[in-house]
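Here are my notes on the model you sent over, as numbered points. I hope they are handy while you have the coordinates open.

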Amino acid sequence: AMDIYEELGVRTVINAAGCVTQYGGSLVAPEVMDIMSESSQQFCILDELREKVGQKIASMLDVEAAYVTAGAACGMLLTTAACMAGSDPVKIAQLPDATGMRNEVIIQTSHRIPYDQALRLAGANLIEINDQDAPPTEAMRNAINENTAAVFYLANAMHHATSVPLDQVLEMAHAASTPVIVDAASECPPVSTLTRFCRAGAALVIFSGGKSIMGPQSTGLVVGREDLIAACAANGNPFATVGRPSKVSREEIIAFLKALELYLQRDHDADMMRWEEQVQHIEATLSGIRHFTVERFTKAETYMVPLLRIRPETGAGITSEELAEVLREGESRIVVDQHTDE
């Protein structure tokens, strides 16, 4: 039977890149789609739903509070708005003009990502601290002042040798009563990643809902301090706020909850074994090819999945970019992740 993608003239891909938004994030379980469809057939008061789902997630994860967002970038927007405007209706309506509010967000150079545009969408002024040569501990401490709304910390850059370590950042931020926002968008598995940053003292932690958790692609999660989660909600949908364009529907909120329940019940060891076998199979198949280096690596302890790096050497006559292109445009389209940084 002709499927919907064929009908639209879209060629599907074999995904060897992981949970990447560009290719649809992850595969959504039938139970998640079923509850999404079912819950779309009735109305409710969105605030009430958001609150009840938030409470349920908070007790499931054993964190203070939780809020379902429209993806992790929405989480960046809302946590920033929450730290600047709080739950004050006048300030909320004034954003993205953050004049007269604490509007500076401190960020280290290696923690800058293209998505931090979302912090600026809220109206924040990014104060960049150079961490290229040595941990800028004093520079960061000195940057925290009465205009500081938050310190933004990228979980992915946690082991960057010249960044200020997270525990030190938390310590100096706490001393100045400044919230720390941790962006852990794609940092899962292990499951402990969902709670470890809250336990360490981060005020707000951001996750993607459509990656490892396998919820709808347009969902995300923020967990953390109750007052700040309430402020995220006040700056979000359905109100007329900077967060309004990042709308998340009732059925997506319910579907995310279901996906999280399923994720927490999964046999994570079995998942790991399956991935391990898949990677070993590809490694064994490719390891004999001349002019190509095939090696295993681990990205970070906050993202424990088996990964395989395939690198063309000089004699291969093809660059990584060209190889990715050939795979993507072949008879069976295969998409791979490209990491140019070593």
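1. Among contacts in the chain with a separation of 6 or more, 66% join residues 24 or more positions apart; contact here means heavy atoms within 4.5 Å. Please keep in mind that this is a predicted model, where local features need pLDDT of at least 70 and side-chain atom pairs count only at pLDDT 80 or more, while totals for chains, interfaces and linings use all residues. Residues are numbered from 1 along each chain as its sequence is written, and side-chain values use heavy atoms, with hydrogens and water left out.

2. On overall dimensions, the chain has a radius of gyration of 21 Å, which agrees with the value near 20 Å for a compact globule of 342 residues. That radius is taken over C-alpha atoms, and the globule rule is 2.2 Å times the number of residues to the power 0.38. Along the principal axes, the C-alpha atoms fill a box of roughly 60 × 55 × 35 Å.

3. As for secondary structure, there are 13 helices and 11 strands. These are DSSP runs numbered from the N terminus: helices are H or I with at least four residues, strands E with at least two.

4. Of the 342 residues, 44% count as buried, that is, under 20% relative accessible area (exposed is over 50%, partly exposed in between; 1.4 Å probe, protein chains only).

5. The largest nonpolar core has 46 residues, and I57, V182, F197, V205 and V223 touch the most other members. Helix α11 (residues 250-265) gives the largest share of this core, 7 residues. Apart from it lies another core, of 40 residues, including M76, L78, I113 and A203. A nonpolar core is a set of buried Ala, Val, Leu, Ile, Met, Phe, Trp, Tyr and Cys residues joined through side-chain atoms within 4.5 Å.

6. V182 is worth a look in your viewer. Leaving out residues up to four places away in sequence, V182 touches Y153, A155, L166, F197, A202, L204, V205 and I206.

7. Helix α8 (residues 166-175) has L166, V169, L170, M172 and A173 buried. Their cover includes β3 (104-108), α7 (137-143), β5 (148-154), β6 (180-183) and α9 (193-200). After α8 comes S177, with a positive phi near 50°.

8. Is A175, another residue of helix α8, buried or exposed? A175 is exposed, because its relative accessible area is 71%. Between A175 and R141, the C-alpha to C-alpha distance is 9.9 Å, with their positions 34 residues apart in sequence numbering.
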